[in-house]
Amino acid sequence: MKAGAEMKIAGKTTCVFVLLTITMATRALGNITVSATVGNSSVLTCTPKSNLTMVTWKIYPKVGGFCTMGYRADQNKTERTNCSDSLNWKFRPDRDPALEIQQVGIAHEGNYTCEVVTGDGNFHETYHLTVLVQPRLSLHCDAQGNPVCEAAAGKPAARISWVPEGNSSSREEGHGNGTVTVLSKFSAHSTNGTDTTCIASHPAGDQSTSIACYPSKNVFALPVSIISCFLIIIIFMAVIYCFKLHGDRLCHKTEPPETAPTHSLQDDTMDVEPYTTYVQKENVIYNSVCDLTVGQNLPQGMLSAT
């Protein structure tokens, strides 16, 4: 009996030791998850200890290099290495070594560890900082009269829901800085002309907006435009083909054979008449001259007879 009792006591002692070890290991190695919204300030606490000798903040951001901020009590001096001006002590580090992050940005996301050295031992706390970016919410009606809600550049991605409930389709688009844009289209046809509300749920805060959409009167405008353009193209091509076809026929027509020029009798008469007239005039002149000459040479009696 005595041996059994001793074994039970030893077992309980072992269990207590294991539990204490797990608790200390969890305290030393466990991460505390905190979140902060872009543009706000965040304070990471580091439990103050008595007989403090040294405090060191070690920062491991996801973007950028490792940096440290330290305080030594024996020299009453603070030091910082490779840390931006947005990281500072919240109070006097010998009294409260809390770290303040001013104007939180996406680049501040990462792990922050506070190490405290005292006469009683070393202690440290580790935080994992998650940066939240609230999305920009917008709502509009598309060409078919359906409400379309956009939650742009949120981190993490927003969850969109509709009031009243109905069929909707969503898609996400990731960006290089870790933000996500969510686009949701509400396709229910029973809300024509009534207010439809888009609700964007997000860890940084919920948002909502409403709109009343009406069916578009130009639902068939696009198909009609496409068909009209197609018909115009066909008509234009037909006109070009007709012109080309008639042009080829004109180009291939045979030219009539050349014929020798014909001269009419009237043309010949017109050509001969000037010469005939000239000859007649010459003959008259010649006869007149001959009569004059003969009259001068003949005797007086013969001239009278003539």
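**Note on the predicted model**

1. Proline 156 is partly exposed, at 40% relative accessible area. Buried would be under 20% and exposed over 50%, with partly exposed in between (1.4 Å probe, protein chains only). The model is predicted: local features need pLDDT of at least 70, side-chain atom pairs count only at pLDDT 80 or more, and totals for chains, interfaces and linings use all residues. Residues are numbered from 1 along each chain as its sequence is written, and side-chain values use heavy atoms, without hydrogens and water.

2. Proline 156 sits in the loop between β11 (147–154) and β12 (159–163). Strands are DSSP runs of E, at least two residues, numbered from the N terminus. Leaving aside residues up to four places away in sequence, proline 156 touches Leu132, His202 and Pro203; contact means heavy atoms within 4.5 Å. From proline 156 to valine 131 the C-alpha distance is 9.0 Å, with their positions 25 residues apart in sequence.

3. Leucine 132 also appears in the strand pairing: in β9 it is the bridge partner of threonine 37. Strands β1 (residues 31–37) and β9 (residues 121–132) run parallel, joined by 7 bridges. Pairing requires at least two DSSP bridges between two strands.

4. On β8 (residues 110–118), 9 bridges lead to β9, and the two run antiparallel. Threonine 113 stands opposite threonine 126 in β9. β8 and β9 form a hairpin, with 2 residues between them.

Note on methods:
Helix = DSSP H or I, 4+ residues; strand = E, 2+ residues; numbered from the N terminus.
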